[in-house]
Amino acid sequence: METKKKQFKMPHTFVIIGIIILLAVLLTWIIPAGSYTRFENEAGIKVIDPNDFNYIDKTPVNPLEIPLYIVKAFIKRIDLMLVIMFAGGAFHILTKTGALHAVVAKMAKIFSTRVYLFLPILTLVFGLICTTQGVNLFIAFAPIMVMMAFAMGLDSITGASIILLGGAIGFSTGPLNINTTIVAQKIAGLPLYSGVGYRFICFAVFYVITNIYLIRYALKIQKHPELSPMYELDKTSEFRDAADLDSFGNLDARKILIMLVFFASLILIVYGGIRLDWDMSETAAVFLALAVIEGVLGGFGPSAISKEFLEGCKKMLGAAFIIGMAQAISSIMNAGHITDTVVHALANGLNFVPTILLGPAMLLANTIINVFLTSGSGQAAAVIPILAPLADLVGVTRQTAILSFNFGDGFCNYVLPTSTALMGIISAVNIPYDRWMKFMWKLFLIWLAVGSVMLMIAQAIHLGPM
């Protein structure tokens, strides 16, 4: 099922980016070229002077040079691409050791009779892990969660929601996310992992609100199963009689140690980014070392470690390539000197928006963009080169602009039929899209409202740096 959904998404995303690249080249021939004067602020970051914009002579890009721009974009972003691939390799080995399976099964055994504790604990596990990973990596876990939900008298939607809603919180707030936040901060010139404190506050707010919604739904279904959108279909589900928590293995000392090493590596990466001025190369090195250590602790031999690491890297290769191609968009726009022209036009439009609503306006814009460009890393590479200077012009901090990108890119992935994470997981457990949306549409609107409030607060406190 996972392979099927990847085949669905990746060509779709590459085609969209290819069309945008062609459009960018066309715009260099049509749009007047313009330029802002730039200077370094006290933090050493290049920003634009909002009062010094000038139109200049056109420098249209030759369409025959598109392949060269793509190659140069890959070279420019190779550090980000390696981080994403190496992180995928390390996480793949983690799942192969069975440590994560054992942790989840152990929690299910302990809290299986207390829904009000069971659901928040598991959504917290998936939420914390998805602060660094994409939710699509847990497609294989979906049947496990559904079997656990059935064993507790719940429905398949509740089981799938443990992963999807928990993962949505972590991915969309992105405190440690390599694919979105770190890519965006790197492009915007911000310190890596900066603003992590406020992001975890956002994580906590969304976590509480989401779990209230999920627990209320679960208790209602436990009391009145016929109210579930999946009531009739769940009666014939292949997973109803297949629950066997013992099949996931015991949580022994080795698996506990693997999980401790995994979380310790994440702490090290964040500490290095904040305190030691680490860049992408150091982060990639940590993930590479983590993969080897996990493999050794898991009892794998050198050949097995190499095989599984490459398998994990391969799963992330599409995302890495999307970063390179999306970077080519901004390179072409810069070569044609139309980036500043676009930013100037957008800034003039946003001047009519009240300052406190600028964050929500950016959230709405990113949500719309994500309908067409569902890759988080690709969207970051495509929109942050415009959002960062735009934020400077309209008086929004770059950190707030990136947070609006996180929310816009993240939360709508759980209602879009083009999302790998959503379609992969609900397909793996036989939940039709329309049944999922009966459960999900209200929560999505709540997420947008809460995200808007958190962005207004970020704007009010001038969330920094920048």
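# Chat about a predicted chain

User: How much area does the protein chain expose, and what share do carbon and sulfur atoms supply?
Analyst: The protein chain exposes about 18800 Å², and 66% of that comes from carbon and sulfur atoms. Accessible areas are worked out with the Shrake-Rupley method and a 1.4 Å probe, and for residues only the protein chains shown count as cover.

User: Anything I should know before we go on?
Analyst: This is a predicted model, where local features need pLDDT of at least 70 and side-chain atom pairs count only at pLDDT 80 or more, while totals for chains, interfaces and linings use all residues. Residues are numbered from 1 along each chain as its sequence is written, and side-chain values use heavy atoms, with hydrogens and water left out.

User: How many helices and strands are there in the protein chain?
Analyst: You'll find 19 helices and two strands. Both are DSSP runs numbered from the N terminus: helices are H or I with at least four residues, strands are E with at least two.

User: And how many of the residues are buried?
Analyst: Of the 466 residues in the protein chain, 58% are buried. Buried means under 20% relative accessible area, exposed means over 50%, and partly exposed is in between (1.4 Å probe, protein chains only).

User: What share of the contacts joins residues 24 or more positions apart?
Analyst: Counting contacts with a separation of 6 or more, 81% are between residues 24 or more positions apart. A contact here is heavy atoms within 4.5 Å.

User: OK, pockets. What volume does the largest pocket have?
Analyst: About 570 Å³. On a 1 Å grid over the protein atoms alone, a pocket is an open set of points with protein on both sides within 12 Å along at least five of seven lines; a cavity is a set where a 1.4 Å probe fits but cannot get out, and lining residues have an atom within 4 Å of a point. Grid points are joined across faces, edges and corners, and the volume is the space filled by probe spheres set on the points.

User: Which residues lie nearest the centre of the largest pocket?
Analyst: Leu 346, Ile 369, Ala 382, Val 383 and Ile 386, out of 23 lining residues. Helices α1 (2-30), α13 (302-335), α14 (339-350), α15 (358-372) and α16 (376-394) each supply at least two residues of that lining, and α15 gives the most, with six.

User: How does the lining of the largest pocket split by class?
Analyst: It has 22 nonpolar residues, one polar and no charged. Ala, Val, Leu, Ile, Met, Phe, Trp, Tyr, Cys and Pro count as nonpolar, Asp, Glu, Lys and Arg as charged, and the others, Gly among them, as polar.

User: Which residues touch the most other members of the largest nonpolar core?
Analyst: Phe 287, Ile 384, Trp 436 and Trp 447, in a core of 157 residues. Helix α13 gives the most to this core, with 14 residues. A nonpolar core is a set of buried Ala, Val, Leu, Ile, Met, Phe, Trp, Tyr and Cys residues joined through side-chain atoms within 4.5 Å.

User: What is Phe 287 in contact with?
Analyst: Skipping neighbours within four places in sequence, Phe 287 contacts Val 83, Phe 86, Ala 87, Ala 90, Ile 178, Leu 266 and Ile 269. Phe 287 also helps line the second largest cavity, along with Thr 132, Leu 176, Ile 178, Tyr 193, Leu 266, Ile 269 and Val 270.

User: What volume does the second largest cavity have?
Analyst: About 40 Å³, and the structure holds three cavities of 30 Å³ or more. Helix α11 (residues 253-275) gives the largest share of the second one's lining, three residues.

User: Back to Tyr 193: what phi does it have?
Analyst: A positive one of about 70°, although Tyr 193 is not a glycine. Most residues other than glycine have a negative phi. Tyr 193 is in the loop between α8 (178-188) and α9 (196-223).

User: Is Tyr 193 buried or exposed?
Analyst: Tyr 193 counts as buried because its relative accessible area is 2%. His 462 also has a positive phi, about 55°, but His 462 is exposed, with a relative accessible area of 55%. You'll find His 462 in the segment after α19 (433-460).

User: Last one: where is Thr 158, and what does it touch?
Analyst: Thr 158 is in helix α7 (residues 156-173). Not counting residues up to four places away in sequence, Thr 158 touches Leu 119, Leu 214, Tyr 217 and Ala 218. With 0% relative accessibility, Thr 158 is buried.
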